[in-house]
Each structure stands twice: as C-alpha cells, then as structure tokens.
Number of protein chains: 2
Amino acid sequence: MDKHQSLHAYIKEELLNRIKSNTYKKGEQIPTELELCKDFDVSRTTVRQALNQLTMEGYLVRKQGKGTYVAEQKVKQTLSHTMNRYSDQVANQGKKAEVSLIQISVVPANELIEKHLDVSTNDPIQRIERIRKANGEPTQYEIAYIPWSVAPGITKKQAETSLYAALKDPFGVPIAKTTENIEITLADEQISTHLECEEGLPCFYIETIAENEAGKRIEFSKSYFRGDKTNFTIERNYPIES
Amino acid sequence: MDKHQSLHAYIKEELLNRIKSNTYKKGEQIPTELELCKDFDVSRTTVRQALNQLTMEGYLVRKQGKGTYVAEQKVKQTLSHTMNRYSDQVANQGKKAEVSLIQISVVPANELIEKHLDVSTNDPIQRIERIRKANGEPTQYEIAYIPWSVAPGITKKQAETSLYAALKDPFGVPIAKTTENIEITLADEQISTHLECEEGLPCFYIETIAENEAGKRIEFSKSYFRGDKTNFTIERNYPIES
C-alpha cells in the first residue's frame, strides 16, 4: 500500500480491480457494505467513501433499497465524428444509435468561430445542435458550425444522418482531416439538460476542426460527452525511436 | 440564447469565447466582477457563478487581493507515452520537461495485470511509478507494469529517461503498437498528492497497453493527468466515406 494512499483509496482500488477483472460482473450486485467491512476489516465509513467515489465515477450504480450494482459498460467510442462510424461503434456494442437534431439556425460569426474557421465577423454560419443517443440514452451533445458559403442550406435530414456524407455529396467539400482537442469541463445547466445528468458532472469537451483535402477549414464543432458514461479508445502504431 | 441556458451559463460561455479568442490574453487580468456586472448588466452573484466555474475548469486563476487572471495555456499533449516525444512536446511549448521516479518495485500479478498482460497469478511484475513535470509542475502521474520475464531489472536511469527506448535496447522488445483507453476519474488522496491538486479534482485516466511487433503485450500502464491543466490533441486523416 502506497504511503500516500488512504485506506478508502486503497479499498476503492481493490474494488475497481475486481470490477475491471470481471470478478464483479457488469450489471450484477456486489456484496453489501457490511460484507465489505468484514472482507476488508475496515469501518463502514471507509467502505462507503470507496463506494461513493466509484458511483460518482460511473463504475457502480446504487439502487434504492436494493443494493449496489456494477454499472453497464461505458459507451466505448473511437474519436470520430462521422455518423456512420458512430452508429457502427454503438451497434458493435449491441446498442441502437440515433441522432436527434435540436435545431439548425444561422448565426453571425463571433470571435471564437472566426478563430477556427476562415470567415469574417458577422458572416452567416449554420449552427447545428444535435444529440447522439445509444439505446435512447444521450451520449453526446454537439454544436457544429459550418459557414453558409461552404454548404448553404443544410437540411434536417442531412444533420440527422451524416453531416460528413452530406459535405461530400451534395456539397462537394469532403472532410479529409480532423484535429480534435480534448479537455475536461463541468456540465452547466445547458449541457446537463441535454445529457440528462446533474450540473457539475465532469464531462469530456472536444473541439474539432475539420478540413478538406486543400486544408480549407469546413467545420468547427464543440462536443460534450458524459464523463461517467464515456470512454475513448485510441489505437496507434508507431515507428520505434532510437 | 438557448432556452435551456441559464444566465450564468450564458455569461460563462461569453467569457470563455473572449479567452479562447485571446480578447482576454493568457496571464493577463480580466475586468473586475463589478465591471463585468455593468458590462453584462447582471447581478454580482451571476458573474461570480460564471467566474467560479471557469476557475474550476482551469481557464481563470483567482489571485488573493489582486483579481482574476487568464490561466496560462494548459499543457498540450499528444497521446504518447515515450519520454522523447513528451519532452519534445513540452519543449515546443517553451517549458522544461522532467521525469522523476517515485519507485520501482516488484509486485505479484493481480487480476487486473493478468487481464492486460500475458502473465499468470503471482508472476513477478516490475511496477514503475513516475511523475512527469513541465517547468517543475507535475502534469502526469504514471504507474507502469512490465513483467520481469520481459525486461528483467529495469534501472532508475532507464525509467527516468525513456522506458520505451530501453525496451528496444537493451531489452530487445521494441513497442510497435499502443492501445489507450481514456476515462475521467476523480483524484483520490494518492493522485492528488502526486499531482499536487485537491482531492476530487476531475482528471484524465488513461490505461495503455503496449505491444511489440509480434503482438506480445509488453507493458500495461495507468496514467493520471490533471483535468484543469491538460488538453490532448489528436490529428487524424481519413478516407472519405460514401
């Protein structure tokens, strides 16, 4: 046990190992607080601290009067914003994917948009606000900005199927490269409403700039993912350094 | 203004736009609460809520009796665990990179390690606990697990320069592929001690499995990054879908 590690942190790590190693299986009930007290020979307060933190982090679910259960797998996502890929990813996890459009509006470019897209102040920008769901549960809240001059008159249908497919055809500006910037943010009222979580929940915040072959910036988007329900996987092959 | 958006969320977004567009510059003082109240014609409580959230998220820094300042750039990192790359990245931001070893110990494989490496229960595993710093500030707390059988007797020097370089030479197991899994976790006592932050701070938690050319799993690591001081950038080129 690490000298810096408190007892509840140690027990949290032990429980997390049991979850990650499937000793405690997804969706199944774990031992009661009292059983865990005996098991680890610690106080109920200590066990509760560990359980509370694992619950906040989305590994455990407390069910009123029923006990504590291992949460279902977080929705795994590769870092991709194309609808096809998203639905494939979700389908591969045996879940139903859908995108619902909140609204498409046209807004004047502000400093932030000017910084990320090749536009001038007050140029008309299409603001496309969407929610992505897996099995009806919101997983992603996204606001995409696309200049009117680049792809005029994006439709509801295009926004709810694949925006990237539409940018390729009919708009003729296929996306060739994306640059994503990932930070952690806290859900404000707007985000928590759309992701159906409490305010203050830590969320992934991703800003994406999408370019075409020529390096022209086509789309800037802001996406929010519930931190307790999302994990991202990144696979990379790379040359060995000497 | 979005119908779901509260006043303080709206003001937070406005201030964030000014920060991201460099209207408010890194390291500079922003207007006082009173000035912002006038500017937005809202109550001090509302301004304070917005400022508090931006401070929690690491965009602003409150200085006792001095006012509120825009935080320095978060440490940008590409998702890479090789020391060379890390120091390059940090150097490119004009900061000094260092790795300090907390300890190398040999531990018996537990379920979690068995799940991620090709080992059996109680096989000897080298546990390498390190902290990465930029300009003396801790940015990453990492625990790497490498089977004794794969690379026996890893030294302090190897751990503090580049583990991946050492795995290539002298150990002859160069890393060819990594799979990283990114989640959000909350700093426990151990993490907060090493990252010098308060307990409960949202952090990036990354599990990495590193394989050699033959697909043999060489290293499993757990890394923690302060959420308020880290952002990750991912660039991807991809074929257009039809």
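Q: What makes a pair of helices roughly perpendicular or oblique?
A: Angles of 65 to 115 degrees count as roughly perpendicular, those under 35 as roughly parallel, those over 145 as roughly antiparallel, and the rest as oblique. This is a predicted model, in which local features need pLDDT of at least 70 and side-chain atom pairs count only at pLDDT 80 or more. Residues are numbered from 1 along each chain, and chains are lettered from A in the order in which they are written.

Q: Why are helix 2 of chain A and helix 3 of chain A called roughly perpendicular?
A: The axes of helix 2 (residues 33-40) and helix 3 (residues 44-56) of chain A cross at roughly 110 degrees and come within 9 Å. The two helices are therefore roughly perpendicular to each other.

Q: Which residues make that contact?
A: Glu33(A), Leu34(A), Leu36(A) and Cys37(A) of helix 2 meet Arg44(A), Val47(A), Arg48(A) and Leu51(A) of helix 3, where contact means heavy atoms within 4.5 Å. By class there are five nonpolar, no polar and three charged residues.

Q: Why are helix 1 of chain B and helix 3 of chain B called oblique?
A: Their axes, for residues 7-20 and residues 44-56, come within 8 Å and cross at roughly 55 degrees. Helix 1 and helix 3 of chain B are therefore oblique to each other.

Q: Which residues of helix 1 of chain B meet helix 3 of chain B?
A: Leu7(B), His8(B), Ile11(B), Lys12(B), Leu15(B) and Leu16(B) do, and their partners include Thr46(B), Gln49(B) and Leu54(B). The residues of this contact divide into seven nonpolar, four polar and one charged.

Definitions and conventions: Heavy atoms only, no water. Axes fitted to C-alpha atoms, helices over the stretch in contact; angles between N-to-C directions. Helix = DSSP H or I, 4+ residues; strand = E, 2+ residues; numbered from the N terminus. Nonpolar A, V, L, I, M, F, W, Y, C, P; charged D, E, K, R; others polar.
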